[in-house]
Amino acid sequence: MADQETVPYGRKTQRPPAIKEVHILWITAGLGCDGDTVSITAASEPSIEDVILGAIPGLPKVHLHNPVLAYETGEDFLAAFHKAARGELDNFVLVVEGSIPNENLSGDGYWAAMGTDAKTGQPITTNEWIDRLAPKALAVIGAGTCATYGGIHAMEGNPTGCMGLADYLGWNWRSKAGLPIVNVPGCPVQPDNFMETVLYLLRQLAGLAPMIDLDQALRPRWLFGNTVHNGCDRAAYYEQADFATEYGSPKCLVKIGCWGPVVQCNVPKRGWIGGMGGCPNVGGICIGCTMPGFPDKFMPFMDEPPGAVFSSGAIKPYGILIRNLRKITNATLNREPKWRHNRQVLTTGYHGS
């Protein structure tokens, strides 16, 4: 485990050689709920079926090994993981779902594990799997907020010492193909955000795309470059200092707990599934689940964020002025131009009774 050091990654970094076939080894044995796996089954841009069935031109052949979605069970399912750990599976991407516990705190037991070690007869912990597989992986992806930054399980006072992938492997860690950890946060991860990231990495491994562009929190920059507020249908109400005081209002939700102006997430634009839904779109507040500081820095939920007290107060006089000026302009625009009414007699010749 290494100290956190955030470093931006851009397009100038090296490009790995083209790959023809890729296995995706997906560990759901972190401390999580399998919600990210369930989420990605709803993806459509692209769908997981299109990726696996080879419906997208130019991609490597993809084999998915996910315990929730696999037909195989038990040792049959784990065979690919053991083969990769032994170095017998050259081209694979490791996906981790769920928080990574600190096994140094587990005493005589263990926090999380998947399968059994044939030599020792003991469970193979999640940490051991990551230690065995990450150095041999072409890329490592964190699926969801738990795997990326620790999430709910890592909040202050937890007994497990939970953390995200970058805290465990190191923020400057690189795969054998030269790729940094790729974080796709969300609670759960937005399905198309995740599958679009996988698609980009597959194109990169096929030699069809440059190095993936990540921000300082290792998130894809094109997905997490803007705030919730930037894409929110309620943003104009904020500008006009017109705030909701109760749930069910169509106005800006900042005063009842929304952190949208400072949270990097595209869900108001992309929705949850098929362009539909999204927290503020359906009247819910943003609680910052895509941010490394979640949940501790956003609690207590539903309280007005500290920064909103100042910003909403500062914008109030401006907002009142703008609203009134816009009412005047609106009234003007709701009247047709005078030159459309410069005749006293109808041109049809009909003069009325």
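Across the whole of this predicted model, a search finds 9 salt bridges. One of them pairs Glu 196 with Arg 270, whose closest N and O atoms are 2.6 Å apart. This contact ties together distant parts of the chain, since Glu 196 sits in helix α7 (residues 191–205) and Arg 270 in helix α10, 74 residues apart. Arg 270 has a relative accessible area of 15% and is therefore buried, the cut-off for that class being under 20%. The pairing is also part of a wider arrangement: salt bridges with shared partners join Glu 45, Glu 196 and Arg 270 into one network.

A further salt bridge brings together the side chains of Arg 326 and Glu 239, at 2.6 Å from N to O. Here too, distant parts of the chain are linked, with Arg 326 in helix α11 and Glu 239 in helix α9 (residues 235–239), 87 residues apart. Arg 326 has a relative accessibility of 37%, so it counts as partly exposed; Glu 239, with a relative accessible area of 31%, is partly exposed as well. Asp 215 and Arg 219 form another salt bridge through their side chains, with an N to O distance of 2.9 Å. In this case Asp 215 and Arg 219 are both buried.

Turning to the pockets, the largest has a volume of about 400 Å³. Its lining is made up of 15 residues, and Ile 52, Leu 64, Leu 69, Ala 70 and Tyr 71 are those nearest the centre. Two elements, α2 (48–52) and β2 (61–65), each give two or more residues to this lining. Strand β2 provides the largest share, with 5 residues. By class, the lining of the largest pocket comprises 8 nonpolar, 4 polar and 3 charged residues.

The second largest pocket has a volume of about 340 Å³. It is lined by 26 residues, with Cys 187, Pro 188, Val 267, Trp 272 and Cys 279 closest to its centre. Charged residues are absent from the lining of the second largest pocket, which consists of 19 nonpolar and 7 polar residues.

The surface offers one more feature to look at. Tyr 247, Met 299, Phe 301 and Met 302 together make a nonpolar surface patch of about 400 Å². Among these residues, Met 302 is found in the loop between α10 (267–270) and α11 (306–333). Met 302 counts as exposed because its relative accessibility is 56%, with the cut-off for exposed residues set at over 50%.

Note on methods
Residues are numbered from 1 along each chain as its sequence is written. This is a predicted model: local features need pLDDT of at least 70, side-chain atom pairs count only at pLDDT 80 or more; totals for chains, interfaces and linings use all residues. Side-chain values use heavy atoms; hydrogens and water are left out. Patches are made of residues with over 30% relative accessible area and no salt bridge: like charges are joined within 9 Å, nonpolar side chains (Val, Leu, Ile, Met, Phe, Trp, Tyr) within 5 Å. Accessible areas come from the Shrake-Rupley method with a 1.4 Å probe; for residues, only the protein chains shown count as cover. A salt bridge is a side-chain nitrogen of Lys or Arg within 4 Å of a carboxyl oxygen of Asp or Glu. Helices (H or I, at least four residues) and strands (E, at least two) are DSSP runs, numbered from the N terminus. Buried means under 20% relative accessible area, exposed over 50%, partly exposed in between (1.4 Å probe, protein chains only). On a 1 Å grid over the protein atoms alone, a cavity is a set of points where a 1.4 Å probe fits but cannot get out, and a pocket is an open set with protein on both sides within 12 Å along at least five of seven lines; lining residues have an atom within 4 Å of a point. Grid points are joined across faces, edges and corners, and a volume is the space filled by probe spheres set on the points. Ala, Val, Leu, Ile, Met, Phe, Trp, Tyr, Cys and Pro count as nonpolar, Asp, Glu, Lys and Arg as charged, and the others, Gly among them, as polar.
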